[in-house]
Amino acid sequence: MGKVYVFDHPLIQHKLTYIRNKNTGTKEFRELTNEIAGLMAFEITRHLPLREVEVETPVATAKCQTISGKKLGIIPILRAGLGMVDGIMGLIPAAKVGHVGLYRDPETLMPVEYYVKLPKDIEERELIVVDPMLATGGSANEAIRVVKKRGAKNIKLMCLVAAPEGVEAVKEAHPDVDIYLAALDEKLNDKGYIVPGLGDAGDRLFGTK
């Protein structure tokens, strides 16, 4: 069964407080979202394997550590997931970026795939699927299903804020996927919004509220 990690780092929690605030404007919300994503990426990559190499410093030869050939991929769920990409890329500039676009069918209320573009060597990469919100889990589950269908074998899910209902839905549908969060909130309300949450992340990121 996949594990759930909730990061309690003081900087993550401090910045999360500001993006929850309804008075935080689009520019600051966007900047803080990227900053939190970068801090979360620092934690999520802690397990990457290292190998020893020798380098020449200006003084002597040194035995040092470098990441051992692990290929990474960042997969934002459109559109709100785009708000986390730059923060992660600042830390892992060599990562490849794929995109999964989903919309909710107005009749069935189920997520429908409308755009998918992924790295060609996706089966060799460790993928981080990113979306600021994990509410019902519908979009996350569909995005993970989409990348698995195309050959992905090693997937993690990174979200800023989640509801328990969404976490349980992902754990049930994809028990092999670990979930990384900045906050696990109280519940969903009757409109499917996370409580206390931070509102609609896409609207706040792109100024369309």
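**Faces, burial and pockets**

Guide: On the side of helix 1 turned away from its buried face, the exposed residues are P10 and T17. The structure is a predicted model, in which local features need pLDDT of at least 70 and side-chain atom pairs count only at pLDDT 80 or more, whereas totals for chains, interfaces and linings use all residues. Residues are numbered from 1 along each chain as its sequence is written, and side-chain values use heavy atoms, with hydrogens and water left out.

Visitor: What makes one side of helix 1 the buried face?

Guide: In helix 1, which spans residues 10–20 (a DSSP run of H or I, at least four residues, just as a strand is a run of E, at least two, both numbered from the N terminus), I12, K15, L16 and I19 are buried. Seen down the helix axis, these buried residues fall within an arc of 110 degrees (taken from the directions from the axis to the C-beta atoms), so they line one face. Their cover includes helix 2 (26–44), strand 10 (154–162), strand 11 (178–184) and helix 6, where contact means heavy atoms within 4.5 Å.

Visitor: Why is R104 called exposed, and why is G137 called buried?

Guide: Buried means under 20% relative accessible area and exposed over 50%, with partly exposed in between (1.4 Å probe, protein chains only). R104, which is found in strand 6, has 55% relative accessibility and therefore counts as exposed. G137, in the loop between strand 9 and helix 4, has a relative accessible area of 4% and therefore counts as buried. Leaving aside residues up to four places away in sequence, G137 touches G166, A169 and V170.

Visitor: Which residues lie nearest the centre of the largest pocket?

Guide: A pocket is an open set of points on a 1 Å grid over the protein atoms alone, with protein on both sides within 12 Å along at least five of seven lines, and its lining residues have an atom within 4 Å of a point. The largest pocket is lined by 28 residues, and R104, D131, M133, A135 and S139 lie nearest its centre. Strand 6 (99–104), strand 9 (133–134) and helix 4 (138–149) are among the elements that each supply at least two lining residues.

Visitor: Which residues does the UniProt "binding site" annotation cover?

Guide: The unreviewed UniProt entry lists R79, R104, D131, P132, M133, L134, A135, T136, G137, G138, S139 and D200, although such annotations may be inferred rather than shown by experiment. Of these residues, the lining of the largest pocket includes R79, R104, D131, M133, L134, A135, T136, G137, G138, S139 and D200.

Notes. On a 1 Å grid over the protein atoms alone, a cavity is a set of points where a 1.4 Å probe fits but cannot get out, and a pocket is an open set with protein on both sides within 12 Å along at least five of seven lines; lining residues have an atom within 4 Å of a point.
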